[in-house]
Amino acid sequence: MPEFCGIALGHPVVNASGTYDAIAARRVFGDALFADFPFSAFVSKTITPRPRAGNSPQRIWETPAGMINSIGLPNKGLEGFLAEDLPQLAELPVPLIVSAMATDREQFSRMVEALGKREEIAAIELNVSCPNVESGLIVGEQPGETEALLEALRPLTAKPLIVKLTPNVADPGAVAAAAERGGADAVSLINTLKASAIDPHSSAPALAAGHGGLSGPAVRPIALQQLRTVDAAVGIPTIGMGGIASGADASEFLAAGASLVAVGTENFRDPRAGSRVAEELTSTASQRPAPTPVLDLE
Ligand code: RRO
């Protein structure tokens with residue numbers, strides 16, 4: 001039984017924030033969902049202080065071995081989440097991790113204080129891929145901003161604080177170490193990689209927002225390298241994600257130091273992917289076939 005930041009989990013596979021709508025899944029699959037819930041903990045879609053409609057369509061674009069999204073954080077806002085979504089998410093048969101984002105320290109503090117009071121919530125994930133309106137800088141791209149944010153939030157709750165790292169930096173290890181210095185209990189990575197696509201019919205950007213974040217198997221080797229870098233830079237546990245679609249993929253992240261792994265984009269193709277990855281991890285299916293020998297020219 002894995003244990004993560006004091007939370008007992010049935011297996012090491014969780015979901016990446018924003019890639020699985022557990023409330024919609026309950027509507028579709030009914031109570032059968034609870035008998036075979038795909039994840040050992042559930043991470044909510046990121047919520048913000050106020051409600052947001054998100055970006056206009058087109059919000060998702062398929063790419064070779066992946067997809068680009070620019071969903072733009074649609075959510076009911078903190079109050080709407082607490083009143084409408086939390087009671088439903090609290091019925092899930094696994095611990096709940098709530099993902100939160102804000103654009104200044106005061107608003108972030110307000111969210112962490114409110115979430116911290118709710119016993120239905122096991123941990124809080126801080127999505128730091130957002131600008132600080134005061135400095136104009138993306139918090140998670142700057143070690144100093146990340147450390148200062150954690151220093152402000154750490155005293156506000158005893159719940160585990162997980163920092164979701166952006167991969168769009170030269171040295172993710174430096175940001176992770178800053179999060180740890182500020183008091184984070186764990187880091188999760190990677191969020192999506194900055195990406196664009198052009199619609200071949202219009203020759204215009206494929207996404208209404210002009211750009212988005214790339215995820216799926218295409219990013220897996222990059223995610224694995226960032227995980228190795230981060231794992232070497234911190235002493236706190238890591239949650240590894242980025243294109244995991246099988247037990248064999250997951251076992252690479254665990255071998256590279258991750259305490260848990262998260263399934264993201266694969267959930268859109270197979271809503272049972274989390275259970276399948278967890279099952280494959282315990283069977284020989286997680287072993288990759290031996291590589292084909294490469295011609296040795298010496
Ligand atoms: O909502 C989004 O567009 C979004 C978010 Br908040 C995020 O953290 N990562 C991502 O790929 N999309």
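**Two open sheets and their packing in a predicted model**

In the four-stranded part of this predicted model, T63 finds its bridge partner in β6, where G66 stands across from T63. This pair belongs to the contact between β5 and β6, two strands that run antiparallel and are joined by four bridges. Both strands are members of an open sheet with the order β5-β6-β12-β11 and antiparallel pairing. The edges of this sheet are formed by β5 (60–63) and β11 (193–195); each has a single partner strand, so one side of each is left without a neighbour in the sheet. On average, neighbouring strands here are turned by 35° against each other, with direction ignored.

Just beyond β6, the chain enters a loop that is worth a closer look. N75 lies in this loop, between β6 (66–69) and α3. Is N75 buried or exposed? With a relative accessibility of 12%, which is under the 20% cut-off, N75 counts as buried. Two polar contacts of the N75 side chain can be described. One joins N75 to the side chain of T48 at 2.8 Å, and in the other the N75 side chain reaches the backbone nitrogen of G77, also at 2.8 Å. Leaving out residues up to four places away in sequence, the residues touched by N75 are T46, I47, T48, R50, P51 and R52.

The other sheet is an open one of eight strands, with parallel pairing and the order β3-β14-β13-β10-β9-β8-β7-β4. Its edge strands, β3 (13–15) and β4 (42–43), each pair on one side only. A convenient place to begin a tour of this sheet is β9. Strand β8 (residues 123–127) pairs with β9 in the parallel sense over four bridges, and L126 stands opposite V163 of β9. On the other pairing, β9 (residues 161–164) meets β10 (residues 186–189), again in the parallel sense, over three bridges. Here V163 stands opposite V187 in β10. Helix α7 (residues 220–233) packs on the sheet, where it touches β10 and β13 (238–241), and its direction makes about 170° with that of β13.

Both faces of β9 are covered: L161 and V163 are buried on one side, and I162 and K164 are buried on the other. The connections into and out of this strand are also well defined in terms of handedness. β8, helix α5 (residues 143–153) and β9 form a right-handed β-α-β unit, and a right-handed unit is likewise made by β9, helix α6 (residues 172–182) and β10.

Further along the sheet comes β14. The edge strand β3 pairs with β14 in the parallel sense over three bridges, with V263 of β14 as the bridge partner of N15. β14 also runs parallel to β13, to which three bridges join it, and I239 stands opposite L260 in this pairing. Between these two strands the chain crosses through helix α8 (residues 247–255), in a right-handed β-α-β crossover. In β14 itself (residues 260–263), L260 and A262 point one way and V261 and V263 the other, and all are buried.

The loop between β13 and α8 holds I244. I244 has a relative accessible area of 2% and is therefore buried. Apart from neighbours within four places in sequence, I244 is in contact with R220, D249, A250, F253, V261, A262, V263, E266 and V277. By contrast with these contacts, the C-alpha atoms of I244 and E84 are separated by 31 Å, the two residues being 160 apart along the chain.

Attention can now turn to the nonpolar interior. In soluble globular proteins, nonpolar side chains tend to be buried together. In this model the largest nonpolar core has 71 residues, and those with the most contacts inside it are F37, F42, L115, L126, V163 and V187. Helix α3 (residues 77–89) supplies the largest share of this core, with five residues. A second, separate core has 15 residues, among them F4, I7, V14 and V43. As for F37, its contacts beyond four places in sequence are with Y20, A22, F42, L92, P93, V94 and S275. The bridge pairs described earlier link to this picture as well: L126 stands opposite V163, V163 stands opposite V187, and these three residues are among those with the most contacts inside the largest core.

Key
Residues are numbered from 1 along each chain as its sequence is written. This is a predicted model: local features need pLDDT of at least 70, side-chain atom pairs count only at pLDDT 80 or more; totals for chains, interfaces and linings use all residues. Side-chain values use heavy atoms; hydrogens and water are left out. Two strands pair if DSSP finds at least two bridges between them. Contact means heavy atoms within 4.5 Å. Axes are lines fitted to C-alpha atoms, for helices over the stretch in contact, and angles run from 0 to 180 degrees between N-to-C directions. A nonpolar core is a set of buried Ala, Val, Leu, Ile, Met, Phe, Trp, Tyr and Cys residues joined through side-chain atoms within 4.5 Å. Buried means under 20% relative accessible area, exposed over 50%, partly exposed in between (1.4 Å probe, protein chains only). A polar contact is a pair of N or O atoms within 3.5 Å; within protein, one must be able to donate a hydrogen and the other to accept it, and residues adjacent in sequence count only if both atoms are side-chain atoms. A crossover is right-handed if, with the strands pointing away from the viewer, the path from the first strand over the helix to the second runs clockwise.
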